[in-house]
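Student: I would like a close look at one part of this model, namely its charged side chains and the places where they pair. Please take your time over the answer and set the part in its surroundings.

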Amino acid sequence: MNCDKFKDECGVLGIFSKTSRNLSRRVAFGLISLQHRGQESAGIAAYDEGKVRHYKEMGLVQDVFNNDILETLKGTISVGHVRYSTTGESHVSNAQPLVINYRGGSIALTHNGNLVNADKIRDELELSGSIFQTSIDTEVIANLIAKNYSLGFKDAILKTVREIKGAFALVIVCEGKLIGVRDPNGLRPLCIGKLPDGGLVLSSESCALDVVGAELVRDVKNGEMVIIDENGMESIIYDDSQRVAHCIFEYVYFARPDSVIDGVSVSSSRRSAGKTLAQEHPVDADIVIAVPDSGIDAAIGFGQESGIPYGIGLIKNKYIGRTFIQPDQESRELAVRLKLNVLKENVKGKRVVVVDDSIVRGTTSRKIVDALRKAGATEVHMRVSSASVKFPCFFGIDTPNRQQLVGSSKSDEEVRELIGADSLGYISVKGLLESVGKTNCDMCTACFDGDYPMDVPEEVNKLMFE
């Protein structure tokens with residue numbers, strides 16, 4: 001079903017506490033709230049009295065961890081990760097946290113993002129004798145830190161993050177400290193929370209802070225490293241020379257609606273986008289429905305602005321995993337109907353506006369339009385709360401190559417014909433930015449306009465190290 005969606009990235013979470021050694025249980029619950037960011041594997045590492053213990057496996061958080069496993073992961077620092085593979089194959093050796101043992105001790109490293117110069121750095125490291133056990137770019141970061149460790153952990157990490165290029169939010173355990181690093185463009189999100197006992201939390205999204213009982217303090221800044229230990233938190237701005245380029249798709253699709261990212265409520269921004277969409281592409285209709293779940297807020301906003309009643313037209317089966325295998329065309333058709341089913345009584349005989357967050361290949365949109373017509377909708381108007389996607393992402397989002405992006409190869413009218421809608425309207429880039437309260441100077445909109453915040457390769461290959 002999600003062949004027509006960008007694939008989620010990864011989620012990272014870390015907790016430091018002076019008063020508790022049962023942090024891994026909290027981390028596990030926090031990871032469940034970040035499960036939407038990655039469903040392939042899950043892992044947790046705990047630091048206790050100089051030792052790092054870890055456990056990771058393929059599957060969802062609730063399938064990977066149980067009480068017995070969590071009891072073995074006690075410590076005053078715990079970090080966790082949920083993964084969707086944007087670099088490297090999907091198997092357990094590539095799961096995170098990545099724990100590296102070296103002569104100075106152990107490092108546990110979690111990474112959300114994607115490096116654009118990882119292959120070059122890995123070649124150099126291998127020529128100098130480094131041995132790699134995985135096919136993920138995260139191991140490049142770990143090897144650089146280990147290589148530079150004679151400088152001390154702080155300078156080793158700083159030298160490493162100044163050498164790597166791309167998108168990264170890192171949560172690291174090293175020498176009894178919890179460390180968070182955000183890339184100089186701020187492409188991938190990372191925030192800081194505070195527990196009632198004074199402990200501190202690092203998380204990809206603020207929704208996980210709510211689950212672990214922490215209060216949002218602030219976001220990690222672009223080009224900032226924070227070091228958390230028993231003395232509190234130290235902040236180091238290691239690079240403030242780069243363009244701010246927060247990912248626009250965090251607000252469109254990736255983040256949970258109850259998260260606040262870089263000071264902006266995801267839910268509010270989506271409703272605002274829906275209102276703008278109604279202004280830019282008005283239509284006479286009887287009902288507004290959403291493609292669940294990320295289209296819901298935008299559809300509500302569209303209904304509020306247009307005066308067309310919002311209703312439920314598509315029911316999502318929440319128990320179908322995102323890795324559901326469809327080996328043939330018949331199975332793929334069945335999977336679509338299993339994932340989303342039409343509530344016929346709400347659409348029969350009506351002119352329907354369908355609000356979705358994006359169109360990537362167009363295949364799912366076509367099936368949704370067809371299902372609504374078969375259910376008796378007299379008209380189907382597609383409205384999209386993101387601009388037309390025309391360029392691939394190189395920064396931790398698994399997107400098709402440009403040839404497979406329908407917005408790159410076809411005009412809006414050709415896309416409308418392809419999906420079979422009576423009309424099609426995308427929100428403008430300007431309107432989308434205004435809905436987030438940002439400008440082109442604050443956001444990465446490269447998937448719409450090709451304006452990447454740094455030099456990127458001509459093609460992306462998630463299996464570059466295989």
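To begin with one residue, what relative accessible area does D451 have?

Tutor: D451 has a relative accessible area of 41% and is partly exposed, a class that lies between buried (under 20% relative accessible area) and exposed (over 50%), as judged with a 1.4 Å probe and protein chains only. The model is a predicted one, in which local features need pLDDT of at least 70 and side-chain atom pairs count only at pLDDT 80 or more, while totals for chains, interfaces and linings use all residues. Residues are numbered from 1 along each chain as its sequence is written, and side-chain values use heavy atoms, with hydrogens and water left out.

The partner of D451 is R243, with which it forms a salt bridge whose closest N and O atoms are 3.7 Å apart; the term stands for a side-chain nitrogen of Lys or Arg within 4 Å of a carboxyl oxygen of Asp or Glu. Because R243 lies in the loop between β13 and β14 (246-247) and D451 in the segment after α17 (446-449), the pair ties together parts that are 208 residues apart in sequence. Helices (H or I, at least four residues) and strands (E, at least two) are DSSP runs, numbered from the N terminus. R243, at 27% relative accessibility, also counts as partly exposed.

By this rule the model holds 21 salt bridges, and another of them joins K154 to E234, with the closest N and O atoms 3.1 Å apart. Since K154 lies in helix α6 (residues 153-163) and E234 in strand β13 (residues 232-237), this pair ties together parts that are 80 residues apart in sequence. Both ends are open to some degree, for K154 is partly exposed at 28% relative accessibility, and E234 is partly exposed at 34%.

The pair of R37 and E250 has a buried setting at both ends. Their closest N and O atoms are 2.9 Å apart, and the salt bridge links distant parts of the chain, with R37 in the loop between α1 and β2 (41-48) and E250 in helix α8 (residues 249-254), 213 residues apart. R37 is buried, with a relative accessible area of 1%, and E250 is buried as well, at 1%. These two residues belong to a wider arrangement, in which R37, R188, E205 and E250 are linked in a network of salt bridges.

For the surroundings, strand β8 offers an enclosed element that also carries charged residues. Six of the six residues of β8 (residues 177-182) are buried, so the strand is largely enclosed by the rest of the structure. Its two faces are both covered, with K177, I179 and V181 buried on one side and L178, G180 and R182 buried on the other.

Strand β8 has neighbours in β7 (residues 166-174), with which it pairs in the antiparallel sense over six bridges, and in β12 (residues 224-229), with which it pairs in the antiparallel sense over four bridges; two strands count as paired if DSSP finds at least two bridges between them. On the β7 side, R182 is the bridge partner of A169, and on the β12 side, G180 stands opposite V226. The connection between β7 and β8 is a hairpin with two residues between the strands, and in its turn E175 has a positive phi of about 50 degrees.
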